[in-house]
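Reader: I am new to this structure and would like a close look at a single part of it. Could you choose one place where two elements meet, and then take me through a second element in some detail?

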Amino acid sequence: MSTRNALTVAIAQINPMVGDFADNLEIAMDAFQKAGEQQAHLLVFPELSVCGYYPGDLLNDSAFIRKAYEALAELTAFSTQFPDITAIVGMPKKSSGPGKPLYNALLAIRNGEVIAEYHKQLLPTYNIFDERRHFEPGQQGAVSIDIDGYQVGLMICEDGWNDNAADYPVNPYEALAEIRPDFVVSINASPSNIGKRAQRHKVICGAARRHALPILYVNQVGGQDSIVFDGASFAVNANGEIVREWPAFETVIDALNFVEDGFQTIAQPAEPQVDNDQEFILQHILLGLRDYVRRCGFKQVVVGSSGGIDSALTIALAAEALGPENVIAITMPSAFSSSGSVSDSQLLCDALGVALYSYPIKTLVNDFGGQFQSSFNGELRGLSLENLQARLRGTILMAYSNHSGAMVLTTGNKSEISVGYCTLYGDTNGGLGLIGDLYKTEVYRLSAYINQRAGRVIIPEAILTKPPSAELAPDQKDTDSLPPYEVLDEILKLLIEGKQLAEREYQQAREFVAGYRATAAGEAVYQRIVGMIARNEYKRRQAPPIIRVRPRAFGAGRQMPIAAKH
């Protein structure tokens, strides 16, 4: 009969910032304090927790690496205050061999010393990832450490995603299975997107079951530029069953026990998770906006309020994330604006407690048109007149931003951005897009959910039901230029995300588009959409970052040439 006592393991689901070594160190020290209070033997931080994920080409900066080493030295010295705790941290570590100069490393620290080091073996270079640009793959095979008589195997993020050996020639699970640790610790910076939590569970629980290896999966949380990390760390036993999962979109320092039979919770029940798709999207965007604004040094945001669904949802999201007192809305009616452009904006802002300012642009448009006629001997009309209105509005928003210090939020959705139904230097102006990875039909669903969730009307019914329109020409409707969004969105999902969609969503889009293309008219529309996506890459390249919500978003996750024949 074994005499080993239970091992108390603490997870540090933290929110580090890239390059903020002082604050990251303070967060880590606070986690040590709390783990000490929980009488933990092991404390696990996320991937690259010392410097934040992902540093990009800051990893080429010698000063950045020096600061990482200084922070590690300070944390290692601090660990002497907790001699019974072994801490697992992630940081870039110098390589003395050939290839890239750094490893993506995991370090085990105990009582003032680094007792073990493991280098990430599988470096992702797909979707938003580009780790092979900066890191050399680890070659040392499986590594484990002894903690109070328990052998703990070590792994970093992508290492745990290749159990089928489909993407890399190396399967780190095989080496771990040979040394048979009592359990495996995986440190991660796994970005959030729709369907990602279920995907993690499938991959990690499947591997745990196949190799009879309990796994503790610790993930970071927070927004970093356009990427959001959801946390949702979990512990799974050798039978593939999840014993404990921690909340998504929250920082957590918490503990559980490991005994010879596997992980066991300590008194607390499993936390309820965000299983509602709309609530997930909402919390994901809120966290992304809060961290982006905070980390970029802003306190307030400003949004152009058109009285349409996109700006309404953007204003509602911003008000919840930052507080209505930190959101400014500006309505800028033109000669073509409907009466609801202003009145619906006012109803929305009144419901939210957001300040609304009015800056009519009719006179500006007329003055600009007159000078254009005088200078170029030609009338400003058609698309040039439409885009002028959007650009004047963008200029007003940027002027207010310079005047007040508030950051402009752009309001474009994924459907419009995909086909270029937006104006460069106009409605694409801004520091961040909240809904740029939501298709138009998703914008309507999330807007309706916000009202339902609040138990009152926040986004007016008129905004939810009016036909979408840019209101840049008489009686203009989006359907003058585009197929209905119920059609367009299914085509876009297939063309932009394809098999990266969840299986059910992929099959639905595939079947719908196949049926739609069965007619000559449908095929013509489909081919026109293909061309519109390709021709408007130059607009997307100049657009502000958007919060990534879906498996494949515009930006780093979709790298396409501007000048190419399609």
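Author: In this predicted model, the crossing of helices α13 and α15 is right-handed, and a careful look can begin from there. Helix α13 covers residues 485–497 and helix α15 covers residues 520–535, and their axes come within 11 Å and cross at roughly 55 degrees. Because angles of 65 to 115 degrees would count as roughly perpendicular and those under 35 as roughly parallel, α13 and α15 are oblique to each other. On the α13 side, Leu488, Ile491, Leu492, Leu495 and Ile496 take part in the meeting, and on the α15 side their partners are Tyr526, Ile529, Val530 and Ile533.

The second element is helix α4, which has 16 residues, 196–211, and whose end C-alpha atoms are 23 Å apart, in agreement with the 22 Å that it should span at 1.5 Å a residue. Its buried residues are Lys196, Arg200, His201, Ile204, Cys205, Gly206, Ala207, Ala208 and His211, and what covers them includes the helix α3 (172–179) together with the strands β9 (215–219), β11 (227–230), β12 (234–236) and β13 (242–245). After α4 comes Ala212, whose phi is positive, near 55 degrees.

Within α4, Cys205 has a relative accessible area of 6%, and it is buried because that value is under 20%. A search of the whole structure finds zero disulfides; for Cys205, the nearest cysteine sulfur is that of Cys157, 15 Å away. Another cysteine, Cys349, is also buried, with a relative accessible area of 1%.

Technical notes. Residues numbered from 1 in each chain as written. Predicted model: local features only at pLDDT ≥ 70, side-chain atom pairs only at ≥ 80, totals over all residues. Heavy atoms only, no water. Disulfide = S-S within 2.5 Å. Buried < 20%, exposed > 50% of the residue type's maximum accessible area, 1.4 Å probe, protein only. Helix = DSSP H or I, 4+ residues; strand = E, 2+ residues; numbered from the N terminus. Expected span 1.5 Å × (residues − 1). Contact = heavy atoms within 4.5 Å. Axes fitted to C-alpha atoms, helices over the stretch in contact; angles between N-to-C directions. Parallel < 35°, antiparallel > 145°, perpendicular 65-115°, else oblique. Left-handed = near helix turned anticlockwise from the far one by under 90°.
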